[in-house]
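Me: I am new to reading protein models, and I would like to go through one slowly. Could you take me from the overall plan to the finer details?

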Amino acid sequence: MTISRAVAAMLTAILLAGTARAATLEGGSITIKRGEQAKFAIVGSAVPSDLRADCTLSDIAGSASLMFDGEHYIAMSDLAVGETITLRRGETREYRLAGVADAAAGGYIAFNFTGAAAAMCFPGMACDGAGDGATSVTVTCRDAAD
């Protein structure tokens with residue numbers, strides 16, 4: 001009889017984990033300057049679960065380099081933790097993030113504004129605006145609609 005109780009307890013634990021609320025992103029819109037970070041907490045799940053979010057990088061008034069960061073987040077989409085994003089004046093980038101997150105461990109995703117994108121100029125090229133770094137970038141993230 002103790003074996004059946006153990007099996008019942010294990011099945012209950014599996015069912016509870018399967019019905020646990022999925023992780024969500026504490027979204028918003030943050031304007032950051034060079035050296036700052038737009039950080040979004042992952043909340044709402046006691047066990048590692050799927051996270052889907054949409055993020056937009058906009059209001060870029062020059063060149064910018066941002067690094068995507070995450071803690072207790074495993075990317076399953078194109079934007080991986082540690083990846084550098086290079087942006088140009090007037091550009092808007094949208095990312096659909098998908099991954100596994102552990103909100104209970106204090107998970108988050110973030111975008112770090114590391115500086116101006118380095119320009120490549122070869123001899124004889126017009127390099128106007130090569131040093132034109134953005135003063136700020138707006139990062140907006142929210143849970144995915146699907």
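The dialogue below goes from the overall plan to the core, a sheet, the charged pairs and one loop residue.

Me: Before we begin, what kind of model is this, and how many helices and strands does the protein have?

Reply: This is a predicted model, so please keep that in mind as we read. The protein has 1 helix and 10 strands, and along the sequence the helix precedes the strands, in the pattern α-β-β-β-β-β-β-β-β-β-β.

Me: What share of the residues is buried, and what share of the accessible surface belongs to carbon and sulfur atoms?

Reply: Of the 146 residues in the protein, 36% are buried, while the accessible surface comes to about 8400 Å², with 56% of that area belonging to carbon and sulfur atoms. It also helps to ask how far along the chain the touching residues lie: among contacts between residues at least 6 apart in sequence, 78% join residues at least 24 apart.

Me: How should I read a nonpolar core, and which residues have the most contacts inside the largest one?

Reply: The general idea is that in soluble globular proteins, nonpolar side chains tend to be buried together. In this model the largest nonpolar core has 29 residues, and those with the most contacts inside it are Ile42, Leu66, Leu97, Ile109, Phe111 and Val139. Several elements give two or more residues to this core, including strand 3 (37-43), strand 5 (64-71) and strand 9 (108-115), but strand 4 gives the most, with 4 residues. To see one member in its setting, look at leucine 97, whose contacts beyond four places in sequence include Leu51, Phe68, Leu79 and Ile109.

Me: How do I read a sheet, and in what order do the strands of the open sheet lie?

Reply: Strands of a sheet pair through backbone hydrogen bonds, either parallel or antiparallel. Here 5 strands form an open sheet in the order 2-10-4-8-6, with antiparallel pairing. Strand 2 and strand 6 (73-75) stand at the edges with a single partner strand each, so one side of each has no neighbour in the sheet. From one strand to the next, the twist averages 30°. At one edge, strand 6 and strand 8 pair over 3 bridges in the antiparallel sense, and isoleucine 74 stands opposite valine 100 in strand 8.

Me: How should I think about salt bridges, and how many are counted here?

Reply: Side chains of opposite charge can pair when their charged atoms come close. The count here comes to 2 salt bridges. In one of them, the side chains of arginine 96 and aspartate 54 meet at 2.7 Å, N to O. Because arginine 96 lies in strand 8 and aspartate 54 in strand 4, this pair ties together parts that are 42 residues apart in sequence.

Me: Are the two partners, arginine 96 and aspartate 54, buried or exposed?

Reply: Arginine 96 is partly exposed, with a relative accessible area of 48%, whereas aspartate 54, at 11% relative accessibility, counts as buried. There is also a salt bridge between glutamate 91 and arginine 93, with the closest N and O atoms 2.9 Å apart, and arginine 93 counts as partly exposed at 24% relative accessibility.

Me: Finally, where is lysine 33 placed, and which residues does lysine 33 touch beyond four places in sequence?

Reply: Lysine 33 lies in the loop between strand 2 (28-32) and strand 3, and beyond four places in sequence it touches Phe113, Thr135 and Ser136. The C-alpha atoms of lysine 33 and threonine 114 are separated by 8.9 Å, although these residues are 81 residues apart along the chain.

Technical notes. Residues numbered from 1 in each chain as written. Predicted model: local features only at pLDDT ≥ 70, side-chain atom pairs only at ≥ 80, totals over all residues. Heavy atoms only, no water. Buried < 20%, exposed > 50% of the residue type's maximum accessible area, 1.4 Å probe, protein only. Contact = heavy atoms within 4.5 Å. Areas by Shrake-Rupley, 256 points an atom, 1.4 Å probe, with all protein chains shown as cover. Core = buried A, V, L, I, M, F, W, Y, C linked by side-chain atoms within 4.5 Å. Pairing = 2+ DSSP bridges. Axes fitted to C-alpha atoms, helices over the stretch in contact; angles between N-to-C directions. Salt bridge = Lys/Arg side-chain N within 4 Å of Asp/Glu carboxyl O.
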